[in-house]
Structure formats: C-alpha cells, structure tokens
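Got a minute to go through some strands and helices? Let's ask what sits behind each label.

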Amino acid sequence: MRIIGISPLDKDTNVCLIEDGQVIAALGEERLSRVKMQDGFPYLALESLFKEYNLTADKIDAVSYAFFDAKKEAELMRKAHSNYREEEKKSAISELFEKFQKLPPTPSQKYNIPGLPEEELYMKKPWYMEKYYAMASKWETFAKSAHQKGFSNWLDVATADHKKYEQELLAGLEKFGLSDKLQRVDHHLSHASNAYYTSGYDEALIVTLDGYGSGLAGSVSVGKGGKIKRIHSIPYPGSLGEFYERVTSSLGFKPSRHEGKIVGLAAYEDPDFLYDIVRSYFEVKDGNIFYRLPHNIFFTRHLAAIYSKPAVAAAFQKVLERVACEYVAYHQQQTGMKNLVLSGGVVANVKMNQRLFEIPGIENIYVHPGMADGGCGVGAALWTASAKKTIQPYKLNDVYLGPEYTEEEMAAELEKQGLKAERPENIEKSVAQLLADGKIVARYHGRMEYGPRSLGNRSILYHAKDPSVNLWLNTQLQRTEFMPFAPATLYEERDKCYKNMTGAEYTSLFMTVTFDCKDFMLENCPAAVHIDGTARPQLVSEDSNASFYRILTEYHKITGIPSVINTSFNMHEEPIVCSPYDAIRAFKLGNLHYLALGPFLIKGEGVE
Ligand SMILES: [Fe+2]
C-alpha cells in the first residue's frame with residue numbers, strides 16, 4: 001500500500017510517501033522553492049518524490065489530504081459560528097470586562113534582554129488607537145460587536161481560502177494524473193494519526209491543539225491496538241492556537257511564525273502580573289474549553305499598548321500552559337492513560353509540553369516532530385492506511401526523510417563556486433576538534449530533516465560554553481531570538497544534563513520539549529540554558545544519527561562536555577538549506593568559519 005500525503009495548501013505545504021503504514025519520505029515545498037512557509041500545490045516536492053522513488057500515478061494507491069472539501073469545511077465553519085452564539089449566551093462573559101476595568105499600574109521594570117533594545121520593549125501606539133482598544137475591551141456592547149465582526153470576517157476569508165486552495169489542489173493532482181486517488185481526512189484526525197502512529201505506543205491519550213481544522217481547534221482521542229477513537233473535541237473558536245497568534249501579532253511579531261519569540265520573552269517577567277486578566281479569556285470546565293469573545297483582538301492589543309512585551313508574553317504563556325494542562329489532566333483522569341501523544345501547531349510550544357509531561361499520571365510523552373500543519377500530510381496518509389488495513393504504531397528511527405545529494409553533486413557545486421575543500425580522513429573528528437577550538441561549523445550531511453527543526457544534518461554547530469554567543473551569532477545570522485540556542489546532547493549523557501527525562505527520551509530525539517537543567521549544564525553549557533534554567537535538547541543516539549553521534553562523542557572526549565549548540569542552517573527568515581548550493585550560499589552569507597559538506601571540509605574566508 002503506497003500513499004502520498006499532502007498537508008494543507010494554505011501554508012508550509014509538505015508531501016510525504018507512506019508505504020505499508022510507515023513514512024518513507026517527507027519534505028516541505030519551501031525547501032525547494034526557497035520561500036519560507038511556501039503555500040500552494042507542492043509541485044516541486046511531489047516531482048522530487050516521483051523522481052527519487054521512480055513513481056508513476058498507477059503505482060500510487062491513494063493521495064490523502066488533511067481537510068474536507070471546501071463545501072464541507074464552509075458548512076463546519078458556519079456551524080461553529082452559530083453554535084458559538086448559543087454558548088456565548090450561557091457564558092459569564094462579564095467577568096472579562098470586570099477584569100479589564102481594573103488593570104494594574106505599569107511597573108517600572110528594567111529588563112536586560114539580549115536582542116531586544118530598550119526602545120522596542122513596548123508597543124507604542126497613537127493615543128486615539130489606545131483609546132479605541134480600551135473602549136473595545138471595557139465596553140460590553142462594543143466588545144461583543146468587535147468580536148462578531150471579527151468572526152464574520154474570519155468566516156468570509158477562511159471560506160474563500162478553502163475554495164482557492166481546493167482549486168489549486170485539484171489542478172495539481174490532475175497534472176500528476178492523481179485526480180481519482182484523492183481521499184480527504186478530517187483535519188484533527190490527521191494530527192491525531194501522525195501523533196499516534198509514530199509514537200510506538202499501543203495505548204495512548206492523543207491530544208491535538210491548533211488554530212483551526214475541520215470545525216475544531218482541538219481534540220482528545222484514545223489510541224488502542226492500532227485504532228483511534230475520538231472522545232472529545234474543542235469546537236472552533238475555542239482555539240489556543242489563535243489565542244497565542246493574537247499575542248504574537250499584538251507584540252509586533254508574525255503570527256504562525258514567531259511564536260517561539262513569545263516563549264522566549266515570557267521567561268523575563270513575572271507571569272502573575274497579568275495572569276488573572278488573561279486567564280479570564282477562558283472558562284475550562286468538565287473537560288471543555290470556552291474562549292470568551294476570541295475574535296475581539298482588542299483585548300490583547302490593549303494589554304500590549306500598556307504593558308511591556310515580556311509582561312504580556314509571560315501571562316499568555318502561563319495561561320496557555322494552565323488551560324492546556326487543565327484540559328489534558330481532566331481527560332487523563334477520565335481515561336487513566338499513561339502515554340500522552342501530541343500534535344497540532346500549539347504543541348510547537350516546547351515549554352507547554354514540559355508542563356503537560358508533568359501532569360500526574362502521565363508517564364511518557366511524545367510530540368510528533370512535524371507537529372504543525374506541515375505534518376498533516378503524514379497524518380492524513382497514515383489515517384488512510386489505517387482505514388484500509390489496521391496498522392500498528394511504530395517508532396520513527398529518525399526524521400531524516402528529505403532529499404539527499406551525492407558526493408559528486410557536492411564536489412561539482414564546490415567547483416562551480418570556486419571553493420577549495422579538504423577531504424579529512426575522519427571528518428567527524430575534525431569537526432569535533434574545530435568545535436573544541438571555538439569555531440562555528442555548518443554541517444551538511446545525508447538526508448534533510450522532516451519538520452521544522454534542524455537535527456544535525458542541516459545544522460550550525462558551536463560550543464555552548466559562552467553565553468554571549470547567543471547575541472553575536474544571532475546578529476551574524478541576522479536573527480532575533482529571545483530563547484538561547486538549543487543543545488544537541490549525547491543520548492547516554494542526558495541524565496547528567498537534564499532533570500526528569502525518563503519517559504521523554506524518544507520525543508527528545510526531535511527537540512520537542514524543554515527540561516530543567518542540572519548544575520552540569522548551567523556550569524558547562526550556559527549558552528544553551530534559558531534565563532529560567534531550562535533547555536530544549538535534541539538527544540543524539542547512535543541509531544538516530546551515527547555520524548553526528550561520532551562528532552559529539554569526539555567532542556566529549558576532548559572537552560568532557562557532551563553537548564554543543566545546534567541551530568538551523570539557514571539565513572534570516574529563509575527556509576533551512578536543502579541542496580549543496582543552498583548550503584554554500586548560506587555558509588558564505590553567514591560568514592561562518594567552516595562548512596562540513598558531506599566528506600568535504602571548507603574553511604571560510606579570512607578564518608585563522
Ligand atoms: Fe492543524
């Protein structure tokens with residue numbers, strides 16, 4: 001059984017190939033088109049799969065897509081809209097206005113946040129806009145009508161988008177001769193499927209949380225014996241994804257893209273300062289989440305216009321963690337499940353995942369590495385496979401599921417670019433020594449990673465001993481981040497570095513959860529530890545990436561430290577590099593010290 005999965009076309013479109021219930025290949029269109037979060041039909045990615053695996057349309061059993069057709073999605077959205085009006089009548093919405101009537105005075109807090117200068121700490125708005133935000137947050141009639149207007153607009157835009165992308169999907173499939181193979185899958189079932197079928201757990205509590213999908217913003221299912229049974233759903237607009245997108249945009253960042261910056265900023269302020277106010281957005285009762293007037297974005301704009309970015313971010317992060325934990329804990333208690341598996345854009349929040357792992361009764365956690373919508377093609381295809389014949393959950397050995405280039409292709413590109421390369425006898429040993437000598441090494445090796453993270457094959461590596469590296473390396477790469485770089489750590493050394501790892505080892509192969517650091521990390525790898533004492537490690541095992549493992553082993557031998565900084569190999573706001581050409585270009589633009597391109601080692605210009 002050979003199935004092609006295609007993720008939603010509205011952003012970051014990915015394609016994958018599934019054979020007999022296992023993922024063989026997966027990649028995002030952005031890596032080939034070189035446009036970050038590329039939307040539309042994935043012509044380049046699908047073409048590359050066809051070429052690589054010698055596919056023709058008749059060799060494909062089905063094509064799975066992670067949304068219903070535009071007509072059904074429109075119906076579900078309209079239903080969500082009218083149901084919300086009914087729920088709104090039952091909710092104690094006045095609590096929200098009461099909180100906004102009594103906002104606390106602004107504290108004269110001083111911050112020292114690398115990458116965030118004093119003048120960018122606050123969102124400055126003209127007085128009339130502030131006035132407008134205040135009125136839309138305190139005056140009930142105004143607030144409700146702002147929400148209604150926002151919700152109706154959303155409905156119009158989302159309905160039109162589904163129509164547009166449906167046409168693109170059908171046109172693309174026709175071009176590949178795949179029109180008659182299309183199978184549509186409920187969006188949250190596709191998230192649930194990628195989480196469960198790649199978890200390796202026969203029994204699991206499956207939780208999905210995102211912005212919107214097939215009428216929902218979240219779901220809880222029970223996976224057992226290869227079957228998924230949904231037991232609860234969060235109807236849209238009870239959307240934790242949109243809640244977090246709103247704070248991201250209100251603080252001046254790009255929603256669906258810069259949420260990680262909010263997580264980073266949150267650690268710099270006391271979350272309790274605005275917690276009560278932001279918490280009043282939600283009612284969580286008996287395993288249900290109700291979000292009060294979500295489409296009135298002015299509540300959040302109002303807070304952002306008054307308080308510092310870290311103060312607002314901290315409250316939103318804590319509310320997200322608390323609401324998600326209350327929701328999951330309720331369903332954990334109802335089911336008694338010990339294995340928690342997660343998917344959906346919201347679970348890209350590594351800090352929230354740490355809190356979910358701490359829920360009493362949860363013993364193991366797994367976050368699907370392609371947790372956002374880009375991974376939904378994998379989920380939809382696995383769901384289709386399971387519907388045809390029962391498949392069993394398995395563990396991904398690794399996520400190196402993207403394209404690979406030959407040595408000849410690398411050598412040809414080096415020659416074309418006029419770069420001289422060495423070919424060391426033991427490239428891993430050479431890279432380890434360079435890292436120990438304080439050099440930045442960009443590593444390009446084997447197949448590219450599936451999902452949003454660089455996990456060693458398209459990574460920039462550096463030692464983690466100097467905390468000031470975060471500022472200067474980000475500046476060099478033209479990035480602004482408020483979380484430190486993540487560490488890659490030898491699998492066997494994990495307990496020396498992090499607390500409470502037991503039960504999260506598998507998911508940590510993919511850098512999906514934060515952990516409190518032990519003193520060893522604080523002392524030896526301060527550059528990879530956040531101000532709150534956490535880090536988001538990638539554990540590197542010999543099985544998952546033998547060559548990267550050898551680099552870390554050698555580095556450990558030389559320095560006694562089993563972790564290095566691992567950050568994505570790309571330039572500012574560009575997709576992670578895919579081809580040797582991309583790698584060489586980013587290496588030159590970033591002025592990096594060394595490039596380890598397959599077996600070749602290239603020294604940067606002017607490097608001592
Ligand atoms: Fe989603």
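Two strands count as paired if DSSP finds at least two bridges between them. Keep in mind that this is a predicted model.

Q: What makes strand S6 (residues 203–213) and strand S11 (residues 339–343) a pair?
A: The cut-off is at least two bridges. S6 and S11 are joined by four bridges, so they pass as a pair under that rule. The two strands run parallel, and leucine 205 stands opposite leucine 340 in S11.

Q: Where do S6 and S11 sit in the open sheet of five strands?
A: The order is S8-S7-S6-S11-S12, and the pairing is mixed.

Q: Why are strand S8 (227–235) and strand S12 (364–367) called edge strands?
A: Each of them pairs on one side only. As for twist, the average is 20 degrees from one strand to the next.

Q: Which helix lies across S6 and strand S7 (216–224)?
A: That's helix H8 (residues 240–250), running at about 50 degrees to S6.

Q: How do you know that both faces of strand S20 (residues 594–597) are covered?
A: Look at the side chains' two sides: Tyr594 and Ala596 are on one, Leu595 and Leu597 on the other, and all are buried. To count as buried, a residue needs 20 or more other C-beta atoms within 10 Å of its own.

Q: Which strands pair with S20, and in what sense?
A: Strand S13 (residues 441–444) pairs with S20 in the parallel sense over four bridges, while strand S21 (residues 600–603) does so in the antiparallel sense, also over four bridges. Alanine 596 takes part in both pairings: its bridge partner is arginine 443 on the S13 side and leucine 601 in S21.

Q: What links S20 and S21?
A: They form a hairpin with two residues between them. In the turn, glycine 598 has a positive phi of about 55 degrees.

Q: Why are helix H3 (residues 70–90) and helix H6 (residues 140–175) called roughly antiparallel?
A: Their axes cross at roughly 170 degrees and come within 9 Å. Angles over 145 degrees count as roughly antiparallel, and therefore H3 and H6 get that label.

Q: Which residues make the contact between H3 and H6?
A: H3 brings Ala70, Glu73, Ala74, Met77, Arg78 and His81. H6 brings Phe151, Leu155, Ala158, Thr159, His162, Lys163 and Glu166. By class, the contact has six nonpolar, three polar and four charged residues.

Key: Residues numbered from 1 in each chain as written. Predicted model: local features only at pLDDT ≥ 70, side-chain atom pairs only at ≥ 80, totals over all residues. Axes fitted to C-alpha atoms, helices over the stretch in contact; angles between N-to-C directions. Contact = placed C-beta atoms within 7 Å. Buried ≥ 20, exposed ≤ 12 C-beta atoms within 10 Å, placed from the backbone. Parallel < 35°, antiparallel > 145°, perpendicular 65-115°, else oblique. Nonpolar A, V, L, I, M, F, W, Y, C, P; charged D, E, K, R; others polar.
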